[in-house]
Amino acid sequence: MKSSKRVVKAVLSGALVLAMGVTTLFTSAGTSYAAGEAKLNESSRNILTRQSFDFDVDGAPKDAVITWESSDDKIATVDENGVVTGIKKGNVTITCKVTSAGETQKLTAKATICKPAVKLEIKNKVKEMSYGETVKFGTALVPTTSNDVVTWTSSDSKVATVDKNGKVKAVKEGKVTITATTMSGKTDSVVLNVYGGPDATPTPKPTATPKPQKPAASSSDVVYNFKDLTPGGYGYEITATNKDSVDVAFNGQYQEVQYDLPKAVDMKDCEKLTIKLKTEGAVAIKVITTDAAADEWGNPTPAFIQWGFVADSATEFEVPLADLAGKKVSRITFMANDGACAATVYNVNFDMKATAPAAKDTKYSFKDITPGGYGYEVTATNKDSVDVAFSGQYQEVQFDLPAAVDMKNIEKMVIKLKGATATDAIAIKVITTDAAADEWGNPTPAFIQWGFVSESVAEFEVPLADLAGKKVSRITFMANDAACAGTFYDVTFVPKK
């Protein structure tokens, strides 16, 4: 029976009760349904914030009264038709009650509300594999607080397959693209060459002119070879020290070898961090910083950990730097992920940022920008500012910047303005290039400061937390409560040193 979305009052014209304990029946359109037969079309669902999903009830009679409830309206709401809308990251239970013929059936579904990612990056990008080899790809999401759901696909499963966790297996010789995609539509991919096959002489990997390799330790790099460091830890054995590496065997799960760096490396000066290793089994890679707190066993808590790293050839694993911002790396640890295993560890390479002249502030004067918006009037253009009057509440003037400013490079953002009087309240809105339209078609601000009041010239510093990973393209000033006026000077972006 097609799902019922109508909510009606149950009117019983008669109840069919059969003797000898026969089940009470729902009757609808000439078809009988036993009590308790109604079902939801989904038992669980992932939903992005600001997105919706329509839960349907299948098998309910047309005269049933159907009600819906969310366990936490702050995380997700549900309307009278079963449409669930994500509000913020979290988990809720959606309850549906179906009442007919004096009986009520309670149905439930789980909804996970996911914070969208603004960027997805595949880690451990191996570009060559041999027949039968497996490699585990990882992912990094920006922001790191995102719980966006990632799915994996292979362009040709006859060449290589990939499972839901990003584990790739080489099936036969050929070229294939492995793609990771978030629910919010962010993607990254790897073009993979597979060599050899089950019923053919393996084609040798190309030995043509290799790509130029920069020296192991250029003037800007800080490189520590693990063979030159004294290991610590527990449950491991150094089985060999080679020319450029160390072979380590672990006797069981969670056993680890620890390499303390001779000098902690400040990540504010680091452009890229790579760790070179290969494994026999699954290994966890841990990066420890100087500010690490102790866990319940007294071990330092890693600032970053990559679980289940597997690579049977020497691979340079790139550590995502988001979790290391503002920290100093002091130790690299390798741990047995699932059981007894082994690894060959080569080096850790900190590719340091090149020294450059100090960046200058970027300042845009509002008097030099053609305004847009509605319900406002430019009453004067001064030497260093613009006077604007608003005719009523929610009227606004919009200043589109000549060039969007990437906030990843910005240390501080300051907007200079004042109100006409001590009671003129103004809202300050910051719009970014990825702004979605609201219900009136206006771009949704990444940040808004309601009720700003200042009769004298003030520099308002915009908090940057909501602007991470974004590009600022517009500054808007809006009448907060009623007709008012203000003087707008400039916006200044102070770059990171």
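## Close-up views of a predicted model

**View 1. Meet E133 and its surroundings.** In this predicted model, E133 touches V168, K169, A170, D312 and S313, leaving out residues up to four places away in sequence. E133 sits in the loop that lies between β13 (128-130) and β14 (134-136). Is this glutamate buried or exposed? With a relative accessible area of 9%, E133 is buried, because the cut-off for that label is under 20%. Its side chain also reaches back to S130, where the backbone nitrogen is 2.8 Å away.

**View 2. A160 and the residues packed around it.** A160 belongs to strand β17 (residues 160-162). At 0% relative accessibility, A160 counts as buried. Which residues does A160 contact, once neighbours within four places in sequence are set aside? They are S154, V168, K169, A170, V171, V176, L192 and V194. Take V194 as an example: 34 residues separate V194 from A160 in sequence, and their C-alpha atoms are 7.7 Å apart in space. If you have just come from the first view, you will recognise V168, K169 and A170, which E133 touches too.

**View 3. Strand β42 and its partners.** How many of the 12 residues in strand β42 (residues 484-495) are buried? The count is 12 of 12, so this strand is mostly covered. Several strands pair with β42, and here are three of the pairings to look for:

- Strand β37 (residues 410-419) runs antiparallel to β42 and is joined to it by 9 bridges; G419 has G486 as its bridge partner.
- Strand β35 (residues 386-390) is antiparallel to β42 as well, with 5 bridges; here F390 stands opposite C484.
- Strand β32 (residues 362-365) joins β42 through 4 bridges, again antiparallel, and S365 faces D490.

**View 4. An open sheet of 5 strands.** Follow the order β33-β36-β41-β38-β39 to trace this open sheet, in which the pairing is antiparallel. Why do β33 (372-374) and β39 (447-452) each have one side without a neighbour in the sheet? Both stand at the edges with a single partner strand, so one side of each is left free of a neighbour. On average, neighbouring strands of the sheet are turned by 20° against each other, direction ignored. For a look at one pairing, find strand β38 (residues 426-432), which is joined to β39 by 4 bridges in the antiparallel sense. Within that pair, K429 of β38 is matched with I448 of β39.

**View 5. Two nonpolar cores.** The largest nonpolar core holds 34 residues, and I275, F334 and F350 touch the most other members. Two or more residues come from each of β24 (246-250), β25 (256-266), β26 (270-280), β27 (283-289), β28 (304-309), β30 (328-336) and β31 (341-352). Which element gives the most to this core? It is β31, with 6 residues. A second core, separate from the largest one, has 33 residues, among them V397, V405, I415 and V491.

**View 6. A look at two cysteines.** C114 is buried, at 0% relative accessibility. C270 counts as buried too, at 3% relative accessibility. As for disulfides, the count comes to 0, where a pair of cysteine sulfur atoms would have to lie within 2.5 Å.

Conventions
Residues numbered from 1 in each chain as written. Predicted model: local features only at pLDDT ≥ 70, side-chain atom pairs only at ≥ 80, totals over all residues. Heavy atoms only, no water. Pairing = 2+ DSSP bridges. Axes fitted to C-alpha atoms, helices over the stretch in contact; angles between N-to-C directions. Core = buried A, V, L, I, M, F, W, Y, C linked by side-chain atoms within 4.5 Å. Buried < 20%, exposed > 50% of the residue type's maximum accessible area, 1.4 Å probe, protein only. Polar contact = N/O pair within 3.5 Å; in protein donor to acceptor, adjacent residues only side chain to side chain. Contact = heavy atoms within 4.5 Å.
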